[in-house]
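Please open the model in your viewer with both the sequence panel and the three-dimensional view in sight. The tour moves from single residues to the contact between chains, naming at each stop what to select.

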Amino acid sequence: MSVNGGFEKDAPGGGAAGDGSGKHAPDANRRGPRERVVVAMSGGVDSSVAAALLVEHGFDVVGISMRLAPEADGSRASSGCCSLEDFRDAERVARRIGIPHYVFDMRAEFERSVIGAFVDEYLAGRTPSPCILCNREIKFGLLRAKAADLGAQRIATGHYARSSFEGGRWRLRRGRDDAKDQSYFLFELGQAELAGTLFPVGDMTKDQVRCTAERLGLGVAGKPDSQEICFVADGRYADFVERAAAARVRAGRLVSEDGRELGRHAGVHRFTVGQRKGLGIAASEPLYVKRIDASSADVVVAPRRATAVAGFAAGGVSWVAGVAERDATPLEVRIRHKHRPAPARVFHDAGSRVRVLFDVAQDGVSPGQAAVFYRGDEVVGGAWIEREENAACA
Amino acid sequence: MSRYFDYNATAPARPEVVAAVADAMAEDVGNPSSMHAAGRRARALIDDARAALAALVGAEPRDVTFTSGATEANNLVLRGFAAAHPDGAVVTTVIDHASILATADALEAAGYRVERLSVDASARPDYARIRALTAERPCVVATSWANGESGHVADLAALAHSVAPGSLLHLDAAQAAGRIDVRMDARVGSLALSAHKFAGPRGAGALIMRRGATELVPMLTGGPQESGRRAGTENLAGIVGLGVAATLAARDMHAEAQRLTALRERLWGALARELPDLLRISPADGLPNTLTIALVRPTSDVVVAALDLEGFAVSAGAACAAGAPEPSHVVRGLGLPAEYRIGLVRMSMGRDTTRSDVDELAAAFLSVVARARQAA
């Protein structure tokens, strides 16, 4: 097994001192105590293999499973993540590779900082990105803090992403496996987070990860991938929002771009920009959600040719390097997880706001989703989409 | 040397118990319900154990019903009482053990009346309220003799005085039996206990109920074992081990209580000297072996994991299904400040704990807290 690129051991800011070349022998081969690393273990194949690889490389590995979703109490069947069954899988893997394993109850924090925002965003007519919030607040926030309490200066996750120390700073790159790349969900990581994180499977393909699990007899090689939103086990987001906040749901109108009422709907949280299914209106050509106005509860629909937008305004910008890219820098911008990054320019606006202008207009620019800025393989930053903009801004 | 500080979860079996259990399984003993000699030998072993347990708590041997443990005994009393007294009620407190609270929940869901009393900072319920409730209708007043999380010991005189005639005072003595004086006197209707809390085997326990204390409908039906209160072939090896553990506990209890009280105060002193913000939950007149504290930072999950990584076993309170520490219902029930609610740490000692074990735990605890506070 080679030491993978997503596995930087010797850069400054991490647990070990070094010149950042990444060429030193692994920590474990040095004299003195082994470096302790906390691995976030979901019970799935990716984090299981991440833990096993760290053990192979000689780290003092501690596995922690986070109890996040409120229903993860054994009363439901496995939802692909965070169920009692998954904790048992994580524990079995930990036993197999000879590391201690603990379950930490983080339901209160998760409810407060992830689920609450998820519900609020849908009710505000936006499309939330709970995994990004969870990464910021829970995995790279709370868990990293608890890891430090346990004497681990670094954590590791099973994300398909790569980090490396080059040119005097930490870089975040897409995972080697294009189909599995999860760098989109990590754009809010900064220098401190990257210095304190290992992505052991970032340089592997999913097939290689499954083969490694098989080779090591981890017993999770064939587990299905977890679904995107772990706390909505059945995938019915609208029902979840209604259960969580029935009193705040407001019915409204489906309208055309010129304001004609085409139908009624049961709540703006049932819609996402770019959505076609479930509109419940008959029209001569397929209609798509173009805009959602939560204040009037109007959902604006339009035919396909009218849904592409030239750009958007975004807030809460975050730069991996800690400093902004030059104004009007050409970058590739990804506006949802599976979106192929589109060439665009990113313009600075007031405060932490930016405006993004695509080279070619894009469909499905959804307020609430993250726009992540890439330069080739590298994530340079990102921001949260606030509204579409069609006027030229450069 | 022992780094095990979780005797309230389970106490390691004493060697004499292990030997007795092995002998009971190896010997040529039959089913106690059989007429033949092998059956008689089994009956003799069970009779001895019954007498040993009765002696530990000052009860009559015939009052003892062997069960799988205190959880079953609590279930038997609550469910059995409810079935025999449809117009009655269960009275308990918000800081009691899950085997009482969850059973009360289930009875309530089936339409039975349940009263969960709040407690004050010293774990005392409102005795006048108990008096009023038990005067109205037949109640089973079910609460801990000693609380396993907080270490508080019930004020038996006040409790017994508040239970009106016609109601049953049932005490869950799982954490008390074999550690402090547990006497089955006229004020006590029934007791539940588990052998593994006083160094006996797991899976053996008892309900001890004064004759005529109340009417009870058995939960398990089948053969006539245990005077019809608990059908099913007896757990012979477990019962024998329980008897041996009861005899050893009766012999050693008082000296152990003194020794453990001194260790507990030594541990508290070592921690409190360095950590002035540490909150002590277990009182000085509580269980001798139990020191329960709470701290704001780090949280109990970190403390338990960090000490485990150093080889020390401590607890964040009662375990849950996922194995993750949850905010303690006992801490909440005692009305402690909110910032301490996820910081409960329970260190419970026993037979093998020595002074140097306590000193080593204190040192490890302090360094774990210091490291975490530095990291913040």
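Does B:Ser227 count as buried or exposed, and what is its relative accessibility? Select B:Ser227 and bear in mind, here and at every later stop, that this is a predicted model. At 73% relative accessibility B:Ser227 counts as exposed, the cut-off for that word being over 50%. The residue belongs to the loop of chain B that runs between β7 (205–209) and α7 (236–274), and its backbone has a positive phi of about 55° although B:Ser227 is not a glycine. Most residues other than glycine have a negative phi.

Next, move to chain A and select A:Ala297, in the loop between β10 (287–293) and β11 (298–303). A:Ala297 is again not a glycine, yet has a positive phi, of about 65°. A:Ala297 has a relative accessible area of 1%, and is therefore buried, since that term covers values under 20%.

Return to chain B for a backbone feature of another kind, and select B:Arg297 together with B:Pro298. The peptide bond from B:Arg297 to B:Pro298 is cis, with omega near -10°, whereas most peptide bonds are trans. B:Pro298 is placed in the loop that links β9 (290–294) to α8 (300–309) of chain B.

Now display both chains together and turn to the interface. Here 17 residues of chain A are in contact with 20 residues of chain B, and the two chains bury about 1,500 Å² between them, with 55% of that area on carbon and sulfur atoms. To see where chain A loses the most area to chain B, select A:Tyr102, A:Asp149 and A:Leu150, which together make up 35% of what the chain A side buries.

For the polar side of the interface, select A:Lys146 and B:Asp301, whose side chains meet in a salt bridge at 3.0 Å, N to O. The count of salt bridges between chain A and chain B is two, and seven residue pairs are found in polar contact across the interface.

Finally, colour chain A by secondary structure. The elements β2 (60–67), α2 (84–97), β3 (101–105) and α4 (130–149) each supply at least two residues of the side that touches chain B, and β3 of chain A gives the most, with four residues. By residue class, that side of chain A divides into nine nonpolar, one polar and seven charged residues.

Methods:
Residues numbered from 1 in each chain as written. Chains lettered and ligands numbered in written order. Predicted model: local features only at pLDDT ≥ 70, side-chain atom pairs only at ≥ 80, totals over all residues. Heavy atoms only, no water. Buried < 20%, exposed > 50% of the residue type's maximum accessible area, 1.4 Å probe, protein only. Contact = heavy atoms within 4.5 Å. Buried area = accessible area lost by both parts, 1.4 Å probe. Salt bridge = Lys/Arg side-chain N within 4 Å of Asp/Glu carboxyl O. Polar contact = N/O pair within 3.5 Å; in protein donor to acceptor, adjacent residues only side chain to side chain. Nonpolar A, V, L, I, M, F, W, Y, C, P; charged D, E, K, R; others polar.
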